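Me: Please take a close look at the strand in the middle of this fold and at the packing around it. Start with one pair of facing residues and work outwards.

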Amino acid sequence: MEHLVSGWCNDRSLPESYILPPEKRPGKLTVPLANNIPVIDLGGHDQTDLIQQIFEASQEFGFFQVINHGVPSNLMDEAMSVFKEFHALSGEDKAIETSKDPNKSCYIYTSSPNYATEKFHFWRDGLMHHCNPLEKYIQFWPEKPPRYREVVGPYTAEVRKLGFRILEFISQGLGISPDHFSSGLSENQTLLVNHYPPCPDPSLTLGVGKHRDPGGINILLQSDVYGLQVFKDEEWVGVEPIPYAFVVNIGYLLQIISNGKLKGAEHRVVTNSNVARTTASLFINPSSETLVEPAKALIDASNPAFYKSLTYKDFLSKYIAASSDSKALEEVLSTAL
């Protein structure tokens, strides 16, 4: 655990291995907070209107925020509290708490899981663990802080329900079966708790580089510290933290299933020099052997498939090989070539 940023960031300048190439640096330009990224009130009673709002946001932005979503605010507060407590543990304790499963269903890393081989590093520590089925994996979750399992178990269950509700709305917006995502396409649910300590020079590095998520959807608890940016109309816009809202991010998988109707949005995370930022993402993704392809209900003689059919495992290997190059990924997945 000697690499964890949180263990040494307070008494060192920015190491050279964290300084990004000039074209990838965020620089000192001020990025505006986006007031046009949709905020959708799930407490509304008009289902048709909700479906339309979610579908249009998924088409245009690939990002939206949801309020009145049904996840209790006190549970969100408690979860964020234990996430911060975990990242405040010593490196030794973190190593112990994330090494209980020989299959590594729970682990911690700095920058990315590819730290040893990547050319440069990102300014974050990440805790990742599986959530489904809960009874299989919770035994390998951290026992420190003491309330981690009793809080995060119910939290992930509530956010999972929210994710499936949103996927149902998206299915209806596409005109496919409401339970299209109820089987293998949503079996793999993982929680990623990112921690971004104060950074000596935020203009030279990033918390997470520009990318599109490879899976289905990401339900993000952003906390009250700004850092998330979305690439929209050839410029970066910041996603404003809204108390007790979740940010919903459409992944590349939904772009494929929708046959290009929905947008897997590119995004990144910037750091700051004053305060730490902690976030929690629940990813709802397919199992490795699940077939990923455009929904058959969307394909006919007038609407050919834009994307190849392949297992999620094979898709991930192509995604990793493309190294966040969106054009390269499109080329290997497109049926036009």
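Reply: Leu 221 stands opposite Ala 280 in strand E13. This is a predicted model: local features need pLDDT of at least 70 and side-chain atom pairs count only at pLDDT 80 or more, while totals for chains, interfaces and linings use all residues. Numbering starts from 1 along each chain as its sequence is written, and side-chain values use heavy atoms, with hydrogens and water left out.

Start with the strand itself. Leu 221 belongs to E8. E8 covers residues 217-221, and five of its five residues are buried, so the strand is largely enclosed by the rest of the structure. Buried means under 20% relative accessible area, exposed means over 50%, and partly exposed lies in between (1.4 Å probe, protein chains only). Strands (E, at least two residues) and helices (H or I, at least four) are DSSP runs, numbered from the N terminus.

Ile 217, Ile 219 and Leu 221 point one way from E8. Asn 218 and Leu 220 point the other way, and they are buried too.

Now the neighbours. E8 pairs with E13 (residues 277-285) in the antiparallel sense, over five bridges. Two strands pair if DSSP finds at least two bridges between them. E8 is also joined to E11 (residues 246-250), by four bridges, and these two run antiparallel. Across that pairing, Asn 218 faces Asn 249.

Next, the packing. Tyr 155 touches Leu 221 and Ala 280, the facing pair you saw at the start, and also Phe 246. Its other contacts are Leu 75, Met 76, Ala 79 and Phe 83, leaving out residues up to four places away in sequence. Contact means heavy atoms within 4.5 Å.

The largest nonpolar core has 67 residues, and Phe 83, Tyr 155 and Phe 246 touch the most other members. H6 gives the most to this core, with 11 residues. A nonpolar core is a set of buried Ala, Val, Leu, Ile, Met, Phe, Trp, Tyr and Cys residues joined through side-chain atoms within 4.5 Å. There is a second, separate core of 10 residues, which includes Phe 61, Phe 63, Leu 228 and Val 230.

Rings come next. The structure holds 12 aromatic pairs. Phe 83 and Tyr 155 make an edge-to-face one, with centres 6.0 Å apart and 80° between the planes. Phe 83 sits in H3 (residues 73-87) and Tyr 155 in H6 (residues 148-174), so to speak of distant parts is fair: they are 72 residues apart. Phe 83 and Tyr 155 are both buried. Tyr 252 and Tyr 307 form another edge-to-face pair, at 6.3 Å centre to centre and 75° between the planes. Tyr 252 lies in H7 (residues 252-257) and Tyr 307 in the loop between E14 (291-292) and E15 (310-311), so this pair ties together parts 55 residues apart in sequence. Tyr 252 and Tyr 307 are buried as well. Rings of Phe, Tyr and Trp (its six-membered ring) pair if their centres lie within 6.5 Å; planes under 30 degrees apart count as stacked, over 60 as edge-to-face and the rest as tilted. Phe 83 and Tyr 155 also belong to one aromatic cluster with Phe 86, Trp 141 and Tyr 148.

Now the hairpin. E9 (residues 228-232) and E10 are joined by four bridges and run antiparallel. Two residues lie between E9 and E10, and Asp 233 in the turn has a positive phi of about 55°. Phe 231 faces Trp 236 in E10. E10 (residues 235-239) is mostly covered, with four of its five residues buried.

Two lysines meet rings here. Lys 210 lies over the face of Phe 231, 4.1 Å from the ring centre. Lys 232 has its charged end over the ring of Phe 61, 5.0 Å from the centre. A charge sits over a ring if NZ of Lys or CZ of Arg is within 6 Å of the ring centre and within 35 degrees of the ring normal.

Last, the record. UniProt, in an unreviewed entry, places "domain: Fe2OG dioxygenase" at residues 186-286. Its positions use the numbering here, feature names are shortened, and annotations may be inferred rather than shown by experiment. Over residues 186-286 the chain is 6% helix and 45% strand, and the end C-alpha atoms are 5 Å apart.
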